[in-house]
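Here's a quick briefing to read with the structure open. Have a look at the model first, then work through the points below.

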Amino acid sequence: MTEGTAEISRADRAAAPAPLLARVPDAVSIYEVSPRDGLQNESAMIPLEGKRRLIAALVDAGLRRIEITSFVSPKWVPQLADAEELARTLPAREDVTLSALCPNARGLERALAVGLREIAVFLSASEAHNRANVNKSIDDTLSVFSEIVPPAREAGVAVRAYVSTVWGCPYEGDVDPARVVHIAERLIALGCYQVSLGDTIGIGTPKQTHDIVRRFLDAMPPERFALHLHDTRGTALANILIGLELGVRDFDASVAGVGGCPYAPGAAGNMATEDLVFMLHGMGVHTGVDLDKLIEAGNVAEQVIGRPLPGKVHRAGPFRLRRQPTKG
Ligand code: HMG
Ligand code: MG
């Protein structure tokens with residue numbers, strides 16, 4: 001390259017608008033899933049008191065949206081069979097929203113009986129995973145939701161929704177993003193306030209994420225969807241960065257990277273909340289979370305679960321930046 005060429009490219013670079021990180025929001029909302037998505041996948045049965053300690057530590061760290069358990073069949077997910085007792089014995093706080101998975105009318109009945117103000121319904125974008133997970137076709141699952149979402153709303157309960165296997169299915173492989181948008185639109189039309197898009201087995205890469213997020217932004221505003229990325233192959237943060245760049249504001253995460261779906265072979269740890277918060281604060285994005293206390297919550301998770309957990313910041317420990325970020 002000649003010196004003249006280098007000069008021109010430097011000038012071009014200076015003149016061009018910053019293509020990356022142009023639309024990153026000032027603040028994002030983190031939806032913490034470790035007590036549900038994390039503990040459902042552990043082989044050990046975690047005592048109730050351990051779950052309560054974990055949730056208390058998450059609240060103390062500043063997390064304000066926490067999925068605490070599932071009102072699913074205890075035969076399918078015995079790890080969360082204590083859902084009622086857990087929900088009943090957690091201190092209620094106006095500023096903290098506790099939510100729980102709910103697959104059907106029986107689940108809603110159980111959630112209402114313990115006074116939850118939010119539930120999350122869930123289905124998959126691929127038939128095979130949906131059947132493995134809830135023993136029904138996608139259409140039949142949506143019919144069940146059409147019978148539980150309106151009554152939940154009438155009872156004053158907010159409803160979130162998940163669509164799993166958006167980036168690909170462990171049984172069927174590729175998933176058509178247009179189909180995912182269609183399912184999400186049906187969920188929003190039913191009354192769900194937000195649809196969380198699951199990379200259930202952690203296979204997404206940034207170009208694919210760009211395509212998925214753009215299709216969603218063509219169909220609905222950014223607050224209507226969230227990213228729920230399992231970090232099985234280490235690409236979750238890269239995919240989140242793409243989401244941020246496109247204006248996504250809601251991200252699911254799990255402290256210390258615990259998690260996975262027991263009905264998706266190969267599913268492993270969620271995006272670790274500490275890793276996400278570390279990156280966001282370094283970029284000046286506000287989360288409302290105290291990273292030091294969050295690292296403490298990760299230590300509580302490790303004690304309660306009784307095995308080393310994989311989150312990177314959890315393992316590396318805190319690092320003090322010499323220069324403070326401008327926001328966060
Ligand atoms: P089924 O066997 O087809 O249901 O299961 P059924 O209606 O025939 O009922 C069978 C038995 O379960 C009956 O009891 C029901 O009463 C009972 P029995 O007569 O045999 O004694 N039952 C219930 N008990 C308590 N609570 C309920 C309930 N419903 C039925 N709500 C069902 C269908 C949906 C219940 C079952 O398949 C199930 O519970 N699946 C849940 C699987 C699950 O929790 N998977 C993990 C969560 S999804 C995930 O991790 C992905 C996500 O993180 C996003 C991502 O990563 O992509 C969200
Ligand atoms: Mg999950």
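**Metal site, helix packing and core**

Aspartate 37 and histidine 228 are both buried. Keep in mind that this is a predicted model. The notes below start with the metal site, then go on to a helix pair and the core.

**Magnesium site**
- The magnesium ion (ligand 2) gets its donors from Asp37 (OD), His228 (NE2) and His230 (NE2), at 2.1 to 2.2 Å.
- Along the sequence, those donor residues follow the spacing D-x190-H-x1-H.
- Aspartate 37 sits in helix 2 (residues 34-38) and histidine 228 in strand 7 (residues 225-229), so this pair ties together parts that are 191 residues apart in sequence.

**Helix 3 against helix 12**
- How do helix 3 (residues 48-60) and helix 12 (residues 291-305) cross? Their axes come within 8 Å, at roughly 170 degrees.
- Angles over 145 degrees count as roughly antiparallel, and helix 3 and helix 12 are therefore roughly antiparallel to each other.
- On the helix 3 side, the contact is made by Gly50, Lys51, Arg53, Leu54, Ala57, Leu58 and Asp60; helix 12 brings Lys293, Ala297, Val300, Ala301, Gln303 and Val304.
- Sorted by class, that contact has seven nonpolar, two polar and four charged residues.

**Nonpolar core**
- The largest nonpolar core counts 99 residues, and Ile68, Phe145, Val163, Leu187, Leu197 and Phe216 have the most contacts inside it.
- Helix 12 gives the most to this core, with eight residues.
- Setting aside neighbours within four places in sequence, phenylalanine 145 touches Pro103, Val121, Phe122, Leu123, Pro150, Leu187 and Leu190.

Terms used. Residues are numbered from 1 along each chain as its sequence is written. Chains are lettered from A and ligands numbered from 1 in the order in which they are written. This is a predicted model: local features need pLDDT of at least 70, side-chain atom pairs count only at pLDDT 80 or more; totals for chains, interfaces and linings use all residues. Side-chain values use heavy atoms; hydrogens and water are left out. Donors are N, O and S atoms within 2.8 Å of the metal (3.2 Å for Na, K and Ca); water is not among the atoms, so sites may look incomplete. Helices (H or I, at least four residues) and strands (E, at least two) are DSSP runs, numbered from the N terminus. Buried means under 20% relative accessible area, exposed over 50%, partly exposed in between (1.4 Å probe, protein chains only). Axes are lines fitted to C-alpha atoms, for helices over the stretch in contact, and angles run from 0 to 180 degrees between N-to-C directions. Angles under 35 degrees count as roughly parallel, over 145 as roughly antiparallel, 65 to 115 as roughly perpendicular and the rest as oblique. Contact means heavy atoms within 4.5 Å. Ala, Val, Leu, Ile, Met, Phe, Trp, Tyr, Cys and Pro count as nonpolar, Asp, Glu, Lys and Arg as charged, and the others, Gly among them, as polar. A nonpolar core is a set of buried Ala, Val, Leu, Ile, Met, Phe, Trp, Tyr and Cys residues joined through side-chain atoms within 4.5 Å.
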